[in-house]
Amino acid sequence: MYGLERHLMKYMGHKGKLLSFLGDLLVEEASDANAIADPFCGSGAVSWYLAQNTKKAIMSGDLQKFAVCRAASVVERTEPVSAAAIFRPWIKRATSLVKVVVDKFPNAEASVEPNSKATGDIISLVIRSRVFCETVLPNLLESLASQFPMTKAYGGHYFSPMQALMLDALRATLPRVPDNRSVALAALIETASRCAAAPGHTAQPFQPTATSAIHIMEAWQRPVEKLLFEAIETISSRCAGKIGAARVMDFGETINSLEEGDLVFADPPYSDVHYSRFYHVLETLAHGREVEVSGRGRYPEISKRPSSRFSLRSQSEQAARDLIIGCHSRKLNLVLTFPSGEASNGLSAESFMSFAKGLYSSIEEHKVDSDFSTLGGNAKSRGARLKCQESIICFRV
Ligand SMILES: C[S@@+](CC[C@H](N)C(=O)[O-])C[C@H]1O[C@@H](n2cnc3c(N)ncnc32)[C@H](O)[C@@H]1O
């Protein structure tokens, strides 16, 4: 039994739960391949599995940098690294940086580290925290050499001021040794995802209302250091059988990096809502650069967020054709996962099979029961999670 599921970062459409079946199937389909591509790597769950369970180079790609950082932390490393050696000196550096900020404020503990229980107190604390992060802290932060994107954009919203400062300080003081740095950044991304005060995924933070205030307080009390250490432990012991690579790139480019006879595992988006709407907080952390944000979701402007043809109903069919035809023309075998029924981007497993007809020598479909996040709804329902059937399709050249 592969114990990945317990440690998975929450991610829409992640295939961790399918790995007990999908993992074996991919290893079998890759038996003659030198390399395997995971061009829509997302949480990195499948890339990690393949890196650990094969001796093939894994080429991971995604439009989102944070997803690529997650995959890179395992696929680009063939030796385990020491969790303690990463964590201890790193926390020390980050804590010193936070102290420079916190020491400037009398009663700093009370103003940045919340412990209220009554709803009214929580609401006024949240409002105070927002004002603190938006108008008071920036003047001080300007005088420091580091950037503080999480504090300025999301402090008092997705994170308590203290959590946000700590996330920024950790981002600014990452280890320098490349393998350690990569593991550290992937663990930091997971930590932020676990702490975010948001329902489900990170599209919008909880608002300080009578019903949601308690959820904000619960999230703001999550311990960054403890979660970070757990995440480092989970990642540091994993490594690849053969060195691979992870890059921010469109799926076509990832596929082009393979040679004839290699295998592509494709898990494209099925929703008509872009992933970047839900994961902008993690993306900001991965980049480590300050961003202008607006609205309840604290979104960076749309032109600054990655957009996918698969999530545009007018372009999803052509994107699917490009995937199917691109793999075939390069003589690559393909395993694709997609909901069996019609998804909100207008595609279904059947669409991919119809585009592949006459091209591949064999097409084999397996159907498995799954529940999946609809990113706020699919064509038939606006519920957040649905029972559905997922198709796993092998296209063999
Ligand atoms: C269904 S998720 C993949 C989930 C992943 N298999 C896992 O187990 O976590 C789809 C991913 O495709 C990425 N994506 C969307 N369009 C893309 C494109 N044109 N090229 C590369 N990646 C893309 C999204 O950012 C998202 O992370």
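Mentor: Let's start inside the protein: the largest cavity holds about 410 Å³ of space. Keep in mind that this is a predicted model.

Trainee: Which residues lie closest to the centre of the largest cavity?

Mentor: Phe 40, Asp 62, Asp 267, Pro 269 and Tyr 275 do, out of 33 residues that line it. By type, that lining splits into 17 nonpolar, 10 polar and six charged residues.

Trainee: How does anyone find empty space like that, and how many cavities of 30 Å³ or more does the structure hold?

Mentor: The general idea is to roll a probe the size of a water molecule over the atoms, which shows where empty space is left. In this structure, three cavities reach 30 Å³ or more.

Trainee: Where does the ligand sit?

Mentor: In the largest cavity. There are 20 residues around the ligand, and Tyr 11, Ser 43, Asp 62, Asp 267 and Ser 308 come nearest. The shell is made up of 10 nonpolar, six polar and four charged residues.

Trainee: And which polar side-chain atoms should I look at on screen?

Mentor: Try the two serines. Ser 43 places a polar side-chain atom 2.6 Å from an oxygen atom of the ligand, while Ser 308 has one 2.6 Å from a ligand nitrogen atom. Then turn to Asp 250, where an N or O atom of the side chain is 2.9 Å from a nitrogen atom of the ligand.

Trainee: How much of the ligand's accessible area does the protein cover?

Mentor: On its own the ligand has 600 Å² of accessible area, and the protein covers 99% of that.

Terms used: Residues numbered from 1 in each chain as written. Predicted model: local features only at pLDDT ≥ 70, side-chain atom pairs only at ≥ 80, totals over all residues. Heavy atoms only, no water. Near = heavy atom within 4 Å. Polar contact = N/O pair within 3.5 Å; in protein donor to acceptor, adjacent residues only side chain to side chain. Areas by Shrake-Rupley, 256 points an atom, 1.4 Å probe, with all protein chains shown as cover. 1 Å grid on protein atoms, 1.4 Å probe; cavity = no way out; pocket = protein on both sides within 12 Å on 5 of 7 lines; lining within 4 Å. Sits in = over half its atoms within 2 Å of the grid points. Nonpolar A, V, L, I, M, F, W, Y, C, P; charged D, E, K, R; others polar. Points joined across faces, edges and corners; volume = space filled by probe spheres on them.
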